[in-house]
2 protein chains.
Amino acid sequence: MAGFLDSLPTVSLSGQPIDRSPAALFRQSCRLGSFAGVTSGHCLSFVQANVVILPYQHAYDFLLFCQRNPKPCPLLEVTDPGSYEARILAPGSDLRSDVPLYRIVRGKEEEEQTDIRHMWRDDLVCFLLGCSFAFEGALLQAGLGVRHIEEGKNVPMYITNIPCRPAGVFSGNLVVSMRPYPEAEVPKAIAITARFPSVHGAPIHSGDPAAIGIRDLAAVDFGDSVELKPGEVPVFWACGVTPLVALRNAQLPLAITHSPGHMFVTDRLNSELAI
Amino acid sequence: MAGFLDSLPTVSLSGQPIDRSPAALFRQSCRLGSFAGVTSGHCLSFVQANVVILPYQHAYDFLLFCQRNPKPCPLLEVTDPGSYEARILAPGSDLRSDVPLYRIVRGKEEEEQTDIRHMWRDDLVCFLLGCSFAFEGALLQAGLGVRHIEEGKNVPMYITNIPCRPAGVFSGNLVVSMRPYPEAEVPKAIAITARFPSVHGAPIHSGDPAAIGIRDLAAVDFGDSVELKPGEVPVFWACGVTPLVALRNAQLPLAITHSPGHMFVTDRLNSELAI
């Protein structure tokens, strides 16, 4: 009852048992340090999550920031203070090591690490947010391309001129991910992703990048730029890197998130999130 | 962008201007003390909200309780500490007086009042949650009856045996509202309400009340019992009175909520919540 993620089928539509072990094995590779890359295109059936880890002192403000900005910050799970296991999304996981690459923000300083076990504290709270990688499998299954996967790159991400609703110490502009489609395929891409509201859902904009404050598609704020072919329209989805911008603005003594594109792979199937 | 409630149309499908003043006038009646009754059947076009008011000290736990139990606790708005205006849902409102009847919970003591201005404090936070009254207009428009409206009563509500996910000091079982339908109409009632996830959405159960721990439909825990006609099936929706049970269990020095069925009427149209 409690959440949409509670009832987990154990067999697929075809009657085959659902094997959730690829996700656990992928997390183990991250934990052992053998994978520290971008997760787009990996474990395509499984829900990938944005990760934000904060001291309890700032947890209320961040939870409220998510409540007020559900498009970029669709919350999937929040751990109890001190707990580093995603009990609902990935039982047995260790959020201190199972993200391929972490971004640690201390005031104006930022650094990246593959493991944060050495800096764990009992007052840290982990927030897991939906990621648009979860609908990329559905796009591919529908015969739509996903350009950054085709090019073997991270998804292009941009900071827009659209302000989020502030909450306590957190404020900042919306970050979007971009995927280009031929004009005729845009409605299909929108309809498919609208079925996944808990991983950003329908795009927030398609068409002129300048309308949302993006001057040059080649100048990404995060990730990699991709080719826009003649006749293609850039389509923009709210992105879970939005919290990184809010963390930067807050200039807290300590905040931890994933490095953009380096997501936490959960045991849940993307199909379990569709409405 | 930020929330699903931001873009407010000013004209209806037929091109007529949308008049939101009936909601403001209704709130004024509550404010002046001339209306202190059950709101089901009133202002049918407008979103009605469950209200929970808590000291900031307990706000994180309650916000997390809502995040972990989205079916009974679909959050529509959270005010900043000390603010009693629902800026998003009802600009100009006063949450200290615009609810027809308040339930004040102090430890094991409960009392009801029509106004809480005299007990307002700068550390109080107001939570507004979706209410199933918002889809009753859609049920009626589809030609489905709503029994408690027909009988001029409050909706029947029951405490189930289904535990919510706990969060900090808050825990308790799910509360449901019940509407009876002839078996042939149940799928239609489910399909219609599924379009309104932010006001509890699809039912959590239909059929045998005992399956969710309800022994006797005549023995309501809140509201009024209604007639179940031969051939009718009781259909159960998650209910925003669930927080009252959690507030009772927490036994805080002070917690305030609406009296069950006595909702806060917002400026928003139910149709603006449909997906």
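How many bridges join β8(A) to strand β9 of chain A? Two, with the strands running antiparallel. That pairing belongs to a predicted model, in which chain A splits into domain 1 (38–133 + 251–272) and domain 2 (142–242). Helix α2(A) turns up twice below: it gives the most to the side of domain 1 of chain A that touches domain 2 of chain A, and it also provides the largest share of the side of chain A that touches chain B.

**The open sheet**

- Four strands of chain A line up as β6-β7-β9-β8 in an open sheet, with antiparallel pairing.
- The edge positions go to β6 (157–163) and β8 (205–206) of chain A; each has a single partner strand, so one side of each is left without a neighbour in the sheet.
- For β8(A), the two bridges go to β9 (residues 232–238) of chain A.
- Zooming in on that pairing, His205(A) has Phe236(A) as its bridge partner in β9(A).

**Helices on the sheet**

- Helix α5 (residues 186–194) of chain A packs on the sheet and touches β7 (173–182), β8 and β9 of chain A.
- The direction of α5 makes about 15 degrees with that of β9(A).
- Then there's helix α6 (residues 242–250) of chain A, which lies across β6, β7 and β9 of chain A.
- Helix α6 of chain A runs at about 155 degrees to β7(A).

**Where the two domains meet**

- Between the C-alpha centres of domain 1 and domain 2 of chain A there are 21 Å.
- Contacts link 23 residues of domain 1 of chain A with 27 residues of domain 2 of chain A.
- On the domain 1 side, α2 (59–68) and β5 (124–130) of chain A each chip in at least two residues.
- Helix α2(A) leads there with six residues.
- By residue type, the side of domain 1 of chain A that touches domain 2 of chain A has twelve nonpolar, eight polar and three charged residues.

**Where chain A meets chain B**

- Here, 19 residues of chain A are in contact with 19 residues of chain B.
- Both α2 and β2 (75–78) of chain A supply at least two residues each to chain A's side.
- Once more α2(A) stands out, with six residues, the largest share of the side of chain A that touches chain B.
- Sorted by type, the side of chain A that touches chain B comes to 13 nonpolar, three polar and three charged residues.

Definitions and conventions:
Residues numbered from 1 in each chain as written. Chains lettered and ligands numbered in written order. Predicted model: local features only at pLDDT ≥ 70, side-chain atom pairs only at ≥ 80, totals over all residues. Domains from an automatic or database assignment. Contact = placed C-beta atoms within 7 Å. Nonpolar A, V, L, I, M, F, W, Y, C, P; charged D, E, K, R; others polar. Pairing = 2+ DSSP bridges. Axes fitted to C-alpha atoms, helices over the stretch in contact; angles between N-to-C directions.
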